[in-house]
Amino acid sequence: MDFSLKTRQRKLVEMVRELVNSEIKPHLLSSPAGSGFNWELVRQLAVHNLVCPTVPEEYGGQGLDRLTTALLMEEIAAGHPGVAAVIAATLHAVEPILLAGSEAQKEKFLPALTGKDAGLAAFALTEASGGSDLSIMGTCAVRKESGFYLNGSKDYVINAPVASWISVIAATSREQKKASMRVFLLEQNSKGFNIVKQRETSGLNYAPIGEIKFENVFIEEENVIKGQEAGSGYLLLTQTFDRGRAMVGAISVGIARAALEAALEFAENRVQFGTSIKNHQAIAFSLADMATSVEMARLMTYKACWLIDKGGDYTAASAMAKVVGSETAQQVTYAAADILGARGYEKGSLIEQLVRDARVLSTIEGTNNMQRAVIASQL
C-alpha cells in the first residue's frame, strides 16, 4: 500500500485549495439569504477545466481518475459544500456515458462540460412516489419510429434548472420496469421538458434543485444509452451509483474537515479558567475523536476510489465510504457546534451552515439504510 500522493495530485490539491479559499469560500456566508445559484462560482473552476474533471482528454477534459477527483472534491466541499454538490451532480450525470455511451454520444455531450465556458449536467432518477423503490417508477418512454416519447416526472434533481443536458432514468416497459430501464440523454431545450418547481432546501443552498415534468418529450434513438441485454440498463444504473457514492464520501470528508478546523481554531483561542479550552481534557478528547473520524472517512473514500480506478470490486467499499462519510460529517459538525457553544447555533454562522449541509448526505445517492442493505448483500 502506498499512501503518498503523486506530484500532479499534490499540485492540483494545492491549486484548488488556494482557489477555493480565495474565490469560492468567501461566498459561503456572504451571499444574501435566498440568493441561490450564480454562475460565477462555477466559472472559477471552469477556468481550470475542473467542472467535470473525469471527462477524458480526447473530449476536452482533464481525464482525472476517481481518487484524484475525490481529492479535489474534498477541497471544494471544505470551502463551499453547495458548489461541491453542483460538481458532483455533473460527475454523476456523466458516468453512464463514460461507462456505456457510444462514441457519438461522448463527442456530442461531454465537450459541453469542459473548458472555460463549461456547462453543468444533471441526473434525474428520484420521483415523488418513490426513491429507492425503482419498481414503482412512473416515468416511461414509449418507442415510436426513430426514437422514444418520454412522459412522467422527476423530483429533487440537482442542477435541473441550469443543466445543459440531463441523464434521465426511465423504463420502456410498464410491466418490466427494472429490466427495461434505459438512460435517456435529454437536452435542456427539448420540447415538452419543463421545470415545474424549484425546490428550496435547508442545506446546500447554492445548488439549484428542481422538479421536472416530461410531456411527450421526443428523444432520438441516438441519445439513448442502452445495453445489449435485458436488465443491462438497471446494471448501468447500479454501477453509476456505486461510483457516485465515493464522491459523496469525499464531500462528507470536506465538510467534516471544515467543521474540525473551525472547532480547533476556536478551541485554541477561547480562554476559560485561565487557559485555552483546547487544554481542557473534555474538549481535547472531543477534538481527537473528530480528527480520528475524519481520517477514517477519508481513508475509506480513498480505498473506494482506488478500487474504481483499478477495476476492482468497489460496490461494498463505495457504500461503506458513503455511510461512514455522511455519518461522520453529521457527527463532527454537531460536535463542533458543541465546542463553539452559542456561536455554533447562531444563524448564518459557519458551523450552522455546515450542520445543515451535512444533514442531507445520509439521503442523497441512496439512503444510508439502503447502503447497509447493499453492504449486507456483499458479505
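At 18% relative accessibility, S173 counts as buried, where buried means under 20% relative accessible area, exposed over 50% and partly exposed in between, using a 1.4 Å probe and protein chains only. A quick word on what you're looking at: this is a predicted model, in which local features need pLDDT of at least 70 and side-chain atom pairs count only at pLDDT 80 or more, while totals for chains, interfaces and linings use all residues. Residues are numbered from 1 along each chain as its sequence is written, and side-chain values use heavy atoms, with hydrogens and water left out.

Back to S173. This serine lies in the loop between β4 (165-171) and β5 (181-187); helices (H or I, at least four residues) and strands (E, at least two) are DSSP runs, numbered from the N terminus. Setting aside neighbours within four places in sequence, S173 touches C140 and S180, contact being heavy atoms within 4.5 Å. C140 turns up again with N151, which sits in strand β3 (residues 147-158). With the same kind of neighbours left out, N151 is in contact with G138, T139, C140, F214, E215 and N216. N151 is also 101 residues from S252 in sequence, and the two are 35 Å apart in space, C-alpha to C-alpha.

Here is how some of these residues compare for burial.

| Residue | Relative accessibility | Class |
|---|---|---|
| C140 | 6% | buried |
| N151 | 27% | partly exposed |
| N159 | 0% | buried |
| F273 | 80% | exposed |
| C305 | 0% | buried |

Two of those residues have a backbone quirk. N159, in the loop between β3 and β4, has a positive phi of about 80° although it is not a glycine. F273 isn't a glycine either, yet its phi is positive at about 55°; this residue is in the loop between β9 (271-272) and β10 (275-276).

What about the cysteines? A search of the whole structure turns up zero disulfides, a disulfide being a pair of cysteine sulfur atoms within 2.5 Å. C305 is in none, and its nearest cysteine sulfur, that of C52, is 14 Å away.

Now for the helices. Helix α8 (residues 281-310) packs against helix α9 (residues 315-340) at an angle of about 160°, with the axes 9 Å apart. Axes here are lines fitted to C-alpha atoms, for helices over the stretch in contact, and angles run from 0 to 180 degrees between N-to-C directions. That makes α8 roughly antiparallel to α9 (under 35 degrees counts as roughly parallel, over 145 as roughly antiparallel, 65 to 115 as roughly perpendicular and the rest as oblique). The contact includes L287 and M290 of α8 and V324 and T328 of α9. By class, there are 17 nonpolar, six polar and no charged residues in this contact; Ala, Val, Leu, Ile, Met, Phe, Trp, Tyr, Cys and Pro count as nonpolar, Asp, Glu, Lys and Arg as charged, and the others, Gly among them, as polar.

α7 and α8 also pack at about 160° with their axes 9 Å apart, so they are roughly antiparallel to each other. Their contact divides into 19 nonpolar, two polar and four charged residues.

Last up is helix α10 (residues 350-359), which is mostly covered, with eight of its 10 residues buried. Among them are E352, R356 and D357. The cover over the buried residues of α10 includes α2 (27-30), α5 (81-100), α7 (232-269) and α9.
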